[in-house]
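Q: I would like a close look at one part of this model, the sheet and what packs on it. Start at one end and work across.

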Amino acid sequence: MNAEVLNSKTKTVSEVYSAAAKAPQPGLCCPQSYKSEFTAHIPKDAFDHNYGCGSPLLKAGVQAGETVVDLGSGVGIDCFVAARLVGPKGKVIGVDMTDAMLEKARTFNGSVAATLGFDVVEFRKGVIEQLPLEDNSVDLVISNCVLNLSLTQETVMKEIHRVLRPGGRLVISDIVVDREIDEKDRANEQLWAECYTGAIPVDKLVKTYESLGFLGLTQLDESTWEKVAGYNFGSITLRAYKLPSSRVSGCVYGGHVAIYLGPYVSVKDEEDHNFVRFTPTEVCDATSARLRMHPYADQFLVLDLPALAKATPLSACGCAPGVVCPPAAEAAPAAAPAAATSCCDTSSSAAKTSCCDTATACCG
Ligand SMILES: C[S@@+](CC[C@H](N)C(=O)[O-])C[C@H]1O[C@@H](n2cnc3c(N)ncnc32)[C@H](O)[C@@H]1O
């Protein structure tokens, strides 16, 4: 996208939301209401300027003391809900590029702080493509109906990855569409600013998350919105994590075994590990660290067995960056559980090789 189009669309978005900060625009985006138990401390006027499309915070598992950042914070409704959840030891930062939105949000801040009895919310001017935040400084990034307005969503996702601390998560509600929007419709700046033609199909959105290294993707919510210009629009809330990955850090076998606890017979992760229920599987350091963190920790038992540590990966199909084991279905006969266990037995190199030839699960 050339700079002229970029500037013109960004200007239109800012103008639309500047007007929407000054006078309520009830038809803009697809606002949904938070349960009143979470919003009683927020001035009623703020809800006249609610332009979100979900409730990302309610399923984000916010903990007291966390640092939460809201991208495209508008008049601050999600920031004020977050303030209540993080409590006096937490921190909430709303980032928005539109002066009128920031001004409006700041008018509500004093009253929210007085009602809560603590002041943890700050609104910063900035674009979400270049976040005014330190690296690795944030526990949770949320956003409510804003990503579709960005002309460079990949850049925004890279920025989110940069500012999240390892183990941190993003929970984003955004508009999605049932098929790719045609170029001519994408050129309609007004429809873009109203949250329609910047929307992308869910599968493309998921691929963007995955290609930028986010792991543990989970859909938390969805709803339909409306049909415009022949497209069906809806909203979706996704959660994803910044976690250790052997594709980034390389594959070092420091002596760890992971046991998948169920309930499924087997599960496959984003790095092509296939974990069979109750079957010990040797894993590399990065995978071991990841499986001890959310959202996997409840489903795996990870044991440290220093005697298994070795200097080189188990086999050519190990988890060196960019190298993935062949899917189990492509490999000749599936390994029986006993063979899978013997794969983790370092005393026999023959057992290791044959196991790793036939079962992805053994390739750590
Ligand atoms: C649809 S409104 C959503 C506001 C708020 N999240 C809510 O739920 O009410 C979009 C907001 O994102 C801001 N915005 C849009 N594009 C942005 C960008 N590239 N950088 C920073 N803010 C942006 C707009 O100024 C506006 O306040």
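How many bridges join E6 to strand E7, and in which sense do the two strands run?

A: The model is predicted. E6 and strand E7 (residues 231-241) are joined by 9 bridges and run antiparallel. One facing pair is Val228 and Tyr231, the latter in E7.

Now the whole sheet. It is open and has 7 strands. Their order is E3-E2-E1-E4-E5-E7-E6, with mixed pairing. Strand E3 (121-125) and strand E6 (215-228) stand at the edges. Each has a single partner strand, so one side of each lacks a neighbour in the sheet. From one strand to the next, the twist averages 15 degrees.

Next, the helices on the sheet. H2 packs on it and touches four strands: strand E1 (67-71), strand E2 (91-96), E3 and strand E4 (138-144). The direction of H2 makes about 170 degrees with that of E2. Helix H3 (residues 99-116) also packs on the sheet, touching E2 and E3. Here the angle is taken with E3, and it is about 170 degrees.

Follow the chain through this part. E1 and E2 are parallel partners, paired over 5 bridges. Asp70 stands opposite Gly94 in E2. The chain leaves E1, passes through H2 and arrives at E2. This β-α-β crossover is right-handed. E2 and E3 also pair in the parallel sense, over 5 bridges. Across that pairing, Val95 stands opposite Arg124 in E3. The connection from E2 to E3 runs through H3, and this β-α-β crossover is right-handed too.

How covered are these elements? In H2, 9 of the 10 residues are buried, so the helix is largely enclosed by the rest of the structure. The buried residues of H2 are Ile77, Asp78, Cys79, Phe80, Val81, Ala82, Ala83, Arg84 and Val86. Their cover includes E1, E2, H3, E3 and E4. Just after H2, Gly87 takes a positive phi of about 75 degrees. E2 is mostly covered as well, with 5 of its 6 residues buried.

H2 also brings us to the ligand. Both helix H1 (3-22) and helix H2 (77-86) supply at least two residues each to the shell around the ligand. In total, 24 residues surround the ligand. The closest are Gly52, Gly72, Gly74, Met97 and Thr98. By class, the shell holds 13 nonpolar, 8 polar and 3 charged residues.

Finally, the setting. The protein chain has 364 residues, and 42% of them count as buried. It contains 11 helices and 12 strands. Take the contacts between residues at least 6 apart in sequence: 74% of these join residues at least 24 apart.

To return to the starting point: E6 is an edge strand with a single partner, and 9 bridges join E6 to E7. At the other edge stands E3, which pairs with E2 in the parallel sense and is touched by both H2 and H3.

Technical notes:
Residues are numbered from 1 along each chain as its sequence is written. This is a predicted model: local features need pLDDT of at least 70, side-chain atom pairs count only at pLDDT 80 or more; totals for chains, interfaces and linings use all residues. A residue is near a molecule or strand if its C-beta atom, placed from the backbone, lies within 6 Å of it. Ala, Val, Leu, Ile, Met, Phe, Trp, Tyr, Cys and Pro count as nonpolar, Asp, Glu, Lys and Arg as charged, and the others, Gly among them, as polar. Two strands pair if DSSP finds at least two bridges between them. Axes are lines fitted to C-alpha atoms, for helices over the stretch in contact, and angles run from 0 to 180 degrees between N-to-C directions. Two residues are in contact if their C-beta atoms, placed from the backbone, lie within 7 Å. A residue is buried if 20 or more other C-beta atoms lie within 10 Å of its own, exposed if 12 or fewer, and partly exposed in between; C-beta atoms are placed from the backbone. A crossover is right-handed if, with the strands pointing away from the viewer, the path from the first strand over the helix to the second runs clockwise.
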